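Visitor: I'm new to protein structures and would love a close look at a single part. Could you pick one strand and walk me through its surroundings?

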Amino acid sequence: MIVLSIGILITLFIIYSVLGTTKRAKSIPFLKGIYYHRGFYDNHEIAENSMRSFEKCINKGYGIELDVQLTQDKQVVVFHDDTLERMCHSHLVVKETSFEDLSHFYLLETNDKIPLFEDVLKLNNGRVPIYIEIKDFSMNFKELVDKTVELMKKYPGDYYVCSFNVIAIIYLKKLDPLILRGVISQNFKNDNFSKFKGFLLQNMFLNFLAKPDVISYEYNEINWSVRLNKLLKRKIAGWAIASQQEFDAYKDFFDIAVIEHFEPTK
């Protein structure tokens with residue numbers, strides 16, 4: 001009897017955790033369709049997360065997915081990696097470098113540079129929806145979330161804010177519960193987490209605290225919790241789909257397809 005009771009409690013906790021999403025997303029039209037991962041880029045002529053990559057998305061009418069983080073002088077910039085090594089061939093760390101110093105670097109072999117988030121917002125000006133990823137997995141995320149929210153206060157367009165850092169999304173919910181928010185996850189078995197932390201994150205057991213409007217998951221790692229939320233008509237985003245074949249295979253499952261490196265046929 002005790003074992004049965006414990007089993008029931010564990011089952012209820014799992015259901016409560018996994019299904020801890022809001023219902024308001026169902027009626028929001030921009031939480032459906034195609035978003036381009038870091039903009040429309042090829043990293044040869046146009047660099048990822050650059051003004052030109054976002055301008056190309058806007059001109060084609062696609063949503064934009066981008067990453068934000070803080071510089072040493074507390075500027076919100078659009079950049080994916082922690083360091084400049086991959087994109088600028090430098091060992092500098094973004095959060096330890098001023099925006100002025102970052103502005104001297106070109107992205108790969110292009111003429112693109114790291115943009116301020118504020119400038120991206122001015123460029124778009126509400127023309128296409130934006131999927132904003134808070135790129136901070138540390139416990140020092142509050143200032144980045146605060147500054148991002150402050151920049152969005154006067155923004156005229158559609159957007160939602162997501163992160164792998166569930167605690168940051170919990171904080172966002174308390175800071176401004178009206179902002180649409182999402183939790184990003186994947187299979188963390190090969191990441192630098194303890195098995196327990198990876199288990200909690202990949203199965204989204206903290207959703208009951210974050211209450212996300214959107215669940216964003218690596219498209220080819222769909223697990224039981226994603227399928228359960230899909231069954232219950234929750235909004236699901238899949239990232240980052242990189243070919244027409246993959247798009248065709250998964251487009252009916254995901255509400256939002258976050259894609260890169262190709263343009264899907266109609």
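Guide: Happily; here is a tour of strand β8 and its two neighbours, with a word on cysteines at the end. Bear in mind that this is a predicted model, where local features need pLDDT of at least 70, side-chain atom pairs count only at pLDDT 80 or more, and totals for chains, interfaces and linings use all residues. Residues are numbered from 1 along each chain as its sequence is written, and side-chain values use heavy atoms, with hydrogens and water left out.

Helices (H or I, at least four residues) and strands (E, at least two) are DSSP runs, numbered from the N terminus. Strand β8 covers residues 235-241, and 7 of its 7 residues are buried, meaning under 20% relative accessible area with a 1.4 Å probe, protein chains only.

Let's turn to its neighbours. Two strands pair if DSSP finds at least two bridges between them. Strand β7 (residues 214-218) runs parallel to β8, joined by 5 bridges; I215 has I236 in β8 as its bridge partner. Between these two strands the chain passes through helix α10 (residues 224-231), a right-handed β-α-β crossover: with the strands pointing away from the viewer, the path from the first strand over the helix to the second runs clockwise.

Strand β9 (residues 256-259) is also parallel to β8, with 3 bridges, and I241 stands opposite I259 in β9. Here the chain crosses through helix α11 (residues 244-250), and this crossover is right-handed.

Finally, the whole structure has 0 disulfides, a disulfide being a pair of cysteine sulfur atoms within 2.5 Å. The sulfur of C57 is too far for a bond because the closest cysteine sulfur, in C162, is 16 Å away.

Technical notes
Buried means under 20% relative accessible area, exposed over 50%, partly exposed in between (1.4 Å probe, protein chains only).
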